[in-house]
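The following paragraphs lead through one protein model, from its sheet to its metal site and a buried position. Please keep the sequence and the structure in view while reading.

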Amino acid sequence: MALLPVLCYPDVRLFKVAKPVAQVDARTRKIVADMAETMYEAPGVGLAATQVDVHERIIVIDISESQDELMVFINPELVWASDEKKSWREGCLSVPEYYDEVDRPDRVRIKALDLNGNSFELDADGLLSVCLQHEMDHLEGKVFVEYLSLLKRSRISLKMKKRAKELASPF
Ligand code: K1U
Ligand code: ZN
């Protein structure tokens, strides 16, 4: 397994639309293993392939406290979303140290492929629902800050660029 570098907003590669996985094979499983290691190390509760510069429709999620309930979604599709909306304070490994409220459908049903290429459907609510929607946005090239005002986004972009500069030359 390998740790992968996570792209930081406003890196333009985060705005690319990911392509469907044509075949779930050993290469796909290696990407998933590396993504899972990267998510656990961060730590985060989800990761989309886009965030590690792999532009294929792959998501990993683990919302368990024990970090031993990995969920893998390949070629995820939204089957249904509730009319009822809920606001959740979201974070993103691509927007470090920034959290803000986003309104999304409270519950969703997702269809996806598992690591064996078998199709499954899943009903989600709470954090799992929020996380799935957040990660599926990444596959569409959308970062959660795009739900915020232009003023907030400009401030976040500046903050992230400053942070990247400081990390590159701390003295
Ligand atoms: O997409 C990502 O960058 C992952 C993101 C997922 C997410 C979290 C919360 C709401 C929406 C989407 C994160 O994991 S941010 C980090 C985080 O929330 C967390 C980290 C450690 C423990 C618990 C939560
Ligand atoms: Zn994110």
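**Sheet, helices and zinc site**

In this predicted model, Ile-110 stands opposite Leu-122, a residue of strand E7. A second pair can be read from these strands: Lys-111 has Glu-121 in E7 as its bridge partner. Strand E6 covers residues 108–113, and its antiparallel pairing with E7 extends over six bridges. The two strands make a hairpin in which five residues separate E6 from E7. Within the turn, Gly-117 has a positive phi of about 85°.

The hairpin belongs to an open sheet of five strands. Their order is E1-E2-E3-E6-E7, and the pairing is antiparallel. At the edges are strand E1, residues 46–48, and strand E7, residues 119–124, each of which pairs on one side only. On average, neighbouring strands of the sheet are turned by 40° against each other, direction ignored. Strands of a sheet pair through backbone hydrogen bonds, in either a parallel or an antiparallel way.

Two helices lie across strands of this sheet. Helix H1, residues 26–41, lies across E1, strand E2 (58–61) and strand E3 (71–81). Its direction is at about 40° to E2. Helix H2, residues 126–139, lies across E1, E2, E3, E6 and E7. H2 runs at about 155° to E2.

Which protein atoms are the donors of the zinc ion (ligand 2)? They are SG of Cys-92, NE2 of His-134 and NE2 of His-138, at 2.1 to 2.3 Å from the ion. The spacing of these donor residues in sequence is C-x41-H-x3-H. Cys-92 and His-134 link distant parts of the chain, being 42 residues apart. Cys-92 sits in the loop between strand E4 (85–90) and strand E5 (100–105), whereas His-134 is in helix H2. Cys-92 and His-134 are both buried.

The last stop is in another helix. Ser-157 is part of helix H3, which comprises residues 150–168. Is Ser-157 buried or exposed? Ser-157 has a relative accessible area of 14%, and since buried means under 20%, Ser-157 counts as buried. When neighbours within four places in sequence are left aside, the contacts of Ser-157 are with Tyr-9 and Pro-10.

Key: Residues are numbered from 1 along each chain as its sequence is written. Chains are lettered from A and ligands numbered from 1 in the order in which they are written. This is a predicted model: local features need pLDDT of at least 70, side-chain atom pairs count only at pLDDT 80 or more; totals for chains, interfaces and linings use all residues. Side-chain values use heavy atoms; hydrogens and water are left out. Two strands pair if DSSP finds at least two bridges between them. Helices (H or I, at least four residues) and strands (E, at least two) are DSSP runs, numbered from the N terminus. Axes are lines fitted to C-alpha atoms, for helices over the stretch in contact, and angles run from 0 to 180 degrees between N-to-C directions. Contact means heavy atoms within 4.5 Å. Donors are N, O and S atoms within 2.8 Å of the metal (3.2 Å for Na, K and Ca); water is not among the atoms, so sites may look incomplete. Buried means under 20% relative accessible area, exposed over 50%, partly exposed in between (1.4 Å probe, protein chains only).
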